[in-house]
Amino acid sequence: MERFLPSDEILAAVVPVVVYWAYSGVYVMLGSVDKYRLHSRKDEDVKNLVSKRDVVIGVLLQQLVQVAVAVLTFKVVVVVAHSMTPSSVCGANGGSTSWLVLARQFVVGMFVLDTWQYFWHRFMHRNRFLYRHIHSWHHRLVVPYSFGSQYNHPLEGLLLDTCGGALAFVVSGMSPRTSIFFYSFTVMKGIDDHCGLWLPGNILHLCFWNNTAYHDVHHQFYGNRYNFSQPFFITWDKICGTHMPYKLEKRPGGGLQARPAMPYKRSKSAVQ
């Protein structure tokens, strides 16, 4: 009997979802250690405006849409590749590709996703209607935690995450097999940015200035006009004047907290 092996397309759609819950689960366990937390557990319970049950349901619904769009995108790309040159077919089906090409595809994908998410994210803060009715869902998590990384209004999840990921895949020219690793890495990076933990030796903190503390500033009231960049670099914040550097201070009760390292203009609204 021939053993069934899932295709690269199916794996690229499903593996990032498995990675999301497994990786965020690790952070949930580490969150029991107060000295690593940027906020107390009491603040997490009191300040957040949505229950963890609703967050789980919202994330699962978004991931269901992501899987469907991913499978559809892969099918379209493979059909188009088959109508082109044989080398294109090889790449679309996960054939042999040099490490240099893979690195280029990753960098291009990261740049495309960062650009797409920065400008949509910023626009959703500047537009009162979009903020109040759509993006404010994500900011119900004043104290972010790992599995709330993908908690968004369904339209925002479709536009920023799902469409952004599909665009990065198409523009970079990566194969479905390569995208398994790209999407999984993107998911892990987003979880790390929202986990609310400052862990010693965290390699993502060493490699990216856009990290847990940087994004935590954005989720606070004083930082809602800054640090829109996600999930990889802070380039667009730097270029567009929305960069707010942070400093880590000792938090009352133990642990650290991220605070702005520059004067900032206080606002009466999260929409600026």
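**Gln117 and its contacts**

I looked up what Gln117 touches in this predicted model, and, leaving aside its neighbours within four places in sequence, I found Gln117 in contact with Leu160, Asp161, Gln230 and Pro231. I noted that Gln117 lies in helix α5, which covers residues 99-126. Is Gln117 buried or exposed? I entered Gln117 as buried, because its relative accessibility is 5% and the cut-off for buried is under 20%.

**The chain as a whole**

I then turned to the protein chain, where I counted 11 helices and 2 strands. Reading from the N terminus, I wrote the order of elements as α-α-α-α-α-α-α-α-α-α-α-β-β, and helix α5 with Gln117 belongs to that series. For burial, I recorded that 49% of the 272 residues in the protein chain are buried, Gln117 being one of the residues that count as buried. For contacts between residues at least 6 apart in sequence, I noted that 68% join residues at least 24 apart. I put the exposed area of the protein chain at about 13,800 Å², with carbon and sulfur atoms supplying 68% of that area.

**The strand pair**

How do strands β1 and β2 run, parallel or antiparallel? I found that β1 (residues 246-250) and β2 (residues 256-260) run antiparallel and are joined by 5 bridges. When I followed Tyr246 across to β2, I found Pro260 as its bridge partner. Between the strands of this hairpin I noted 5 residues, and in the hairpin Gly253 takes a positive phi near 95 degrees.

**A nonpolar patch on the surface**

I next looked for nonpolar surface and found a patch of about 230 Å² made by Ile10, Val14 and Val18. I located Val14 in helix α1, which covers residues 8-30. I classed Val14 as partly exposed because its relative accessible area is 38%, a value that falls between the cut-offs of 20% for buried and 50% for exposed.

**Cysteines**

How many disulfides does the structure hold? I found 0 disulfides in the structure. For my own reference, a disulfide is a covalent bond between the sulfur atoms of two cysteines. I also checked the accessibility of two cysteines: Cys163 counts as partly exposed because its relative accessibility is 30%, and Cys240 likewise counts as partly exposed, at 25% relative accessibility.

Note on methods. Residues numbered from 1 in each chain as written. Predicted model: local features only at pLDDT ≥ 70, side-chain atom pairs only at ≥ 80, totals over all residues. Heavy atoms only, no water. Patch = residues over 30% accessible without salt bridge, like charges linked within 9 Å, V, L, I, M, F, W, Y side chains within 5 Å. Areas by Shrake-Rupley, 256 points an atom, 1.4 Å probe, with all protein chains shown as cover. Salt bridge = Lys/Arg side-chain N within 4 Å of Asp/Glu carboxyl O. Helix = DSSP H or I, 4+ residues; strand = E, 2+ residues; numbered from the N terminus. Buried < 20%, exposed > 50% of the residue type's maximum accessible area, 1.4 Å probe, protein only. Pairing = 2+ DSSP bridges. Disulfide = S-S within 2.5 Å. Contact = heavy atoms within 4.5 Å.
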